Amino acid sequence: MYPCKLSISGTWSKLIKSCKRFKVGGTSAPQMIRGIVGNGMDIKFWIDPWVSNTPLKVLFPNLFRLERNKWCSVADRLGGLYGNGPVSWSWRVYPSSPEQVADLISCHRMILGQCLVNRADTWAWYDSGPLDFSVNIAKHWAVSARVGSIIPSINFNWCKWIPLKCNVFMWRLLLDRIPTKVALRSRNIIHGEVSCGFCMLEKENVDHMFTACGMAAGLWQGIASWVKLPPIFLFSVKDIVEVVEGSRWSKNKKELLYGILIVACWRLWKARNERVFAQKNRNAVELVADIKSLSYLWLCSTGRFGGVDWKGWKSFVFDVM
Ligand SMILES: [Zn+2]
């Protein structure tokens, strides 16, 4: 949070806006600033960036929705960790869906190493470690744009016609930050077998689950035949977004395809959770049908791309410029 209302014009808000626009490897200057936790009284647990350069409310929107006190401080939640106690969650409704439980595990894991200490919270420029801010440090960071960024990041374009939760999911998927079994084992959260929740034949990592797995292959063929593209073959999750560039369609139609691919990934992961946590089996045909209807619902609710009706959407025959 910055002490600035962006809707009110003035020098300070102009400065913040231009800082947000300037990015190095997809990271803006304000995202380089993080709260360094002392006693946890001043840093907002969900709203401020502290454990990573993205606030927890953006990383875990499913959980943030359930939080009783959205403005709670880090001390409100981690107070118990002074004595190695549990995190003091305060939920309106306890996380119970497979998605929410998986997010809770990831979030818990993320904050577990954080301990409160007896000094005030501070803010620091964070570049692989906290640094006292100076113009020189920021300049060095800005120049690194030209020589290749040292900050691990991805170029992810947010798709405007689909919900935030799908965009956040895709962004995490591209960063390999979703709780697949391989990811959970590498963080010592689970032990033992890590076979794919769908086929049980290979290790469950993002590249297998979203490209090589039979379930994913079936899904991508279903999507390709719906949108009338040649069969889609993928080798890595990064290839998913490349499909759009290879399509030679108009800008608007590309944006629609981009959203559909993201919704497909989100739905595939949901199906995996349904299978692992609720023993519900879905097949690729059911997923494609779900993706068609969900994406149509979201498309209509944005009010963009007028003139696409359900019949046209179902057969992917319509006119958008
Ligand atoms: Zn598999």
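**Reading the helices in a predicted model**

Author: Let's start with contacts between residues at least 6 apart in sequence: 59% of them join residues at least 24 apart. Keep in mind that this is a predicted model.

Reader: Okay. How many helices and strands are there in the protein?

Author: You'll find 14 helices and five strands. Of the 321 residues, 27% are buried.

Reader: Let's take one helix, then. Which residues of α11 are buried?

Author: First, the general idea: an α-helix has 3.6 residues a turn, so residues three or four places apart point the same way. Now the case here. Helix α11 runs over residues 237-245, and its buried residues are Val237, Ile240, Val243 and Val244. They sit on the same side of α11 because they cover an arc of only 100° around the axis.

Reader: And which exposed residues does the face turned away from that buried side carry?

Author: That face of α11 has Glu242 and Glu245.

Reader: What covers the buried residues of α11?

Author: The cover includes α7 (164-174), α9 (206-212) and α12 (251-278).

Reader: Now a pair of helices. At roughly what angle do α10 and α13 cross?

Author: For a pair, look at the axes and the angle between them. Helix α10 (residues 214-227) and helix α13 (residues 284-302) have axes that come within 9 Å and cross at roughly 45°, which means α10 is oblique to α13. The crossing is right-handed.

Reader: Which residues meet there?

Author: From α10 come Met215, Gly218, Leu219, Gly222, Ile223 and Trp226, and from α13 come Ala284, Val285, Leu287, Val288 and Lys292. By type, the residues of this contact are eight nonpolar, two polar and one charged.

Key
Residues are numbered from 1 along each chain as its sequence is written. This is a predicted model: local features need pLDDT of at least 70, side-chain atom pairs count only at pLDDT 80 or more; totals for chains, interfaces and linings use all residues. Helices (H or I, at least four residues) and strands (E, at least two) are DSSP runs, numbered from the N terminus. A residue is buried if 20 or more other C-beta atoms lie within 10 Å of its own, exposed if 12 or fewer, and partly exposed in between; C-beta atoms are placed from the backbone. Two residues are in contact if their C-beta atoms, placed from the backbone, lie within 7 Å. The arc is that of the directions from the helix axis to the C-beta atoms. Axes are lines fitted to C-alpha atoms, for helices over the stretch in contact, and angles run from 0 to 180 degrees between N-to-C directions. Angles under 35 degrees count as roughly parallel, over 145 as roughly antiparallel, 65 to 115 as roughly perpendicular and the rest as oblique. A crossing is left-handed if the near helix is turned anticlockwise from the far one by less than a right angle, and right-handed if clockwise. Ala, Val, Leu, Ile, Met, Phe, Trp, Tyr, Cys and Pro count as nonpolar, Asp, Glu, Lys and Arg as charged, and the others, Gly among them, as polar.
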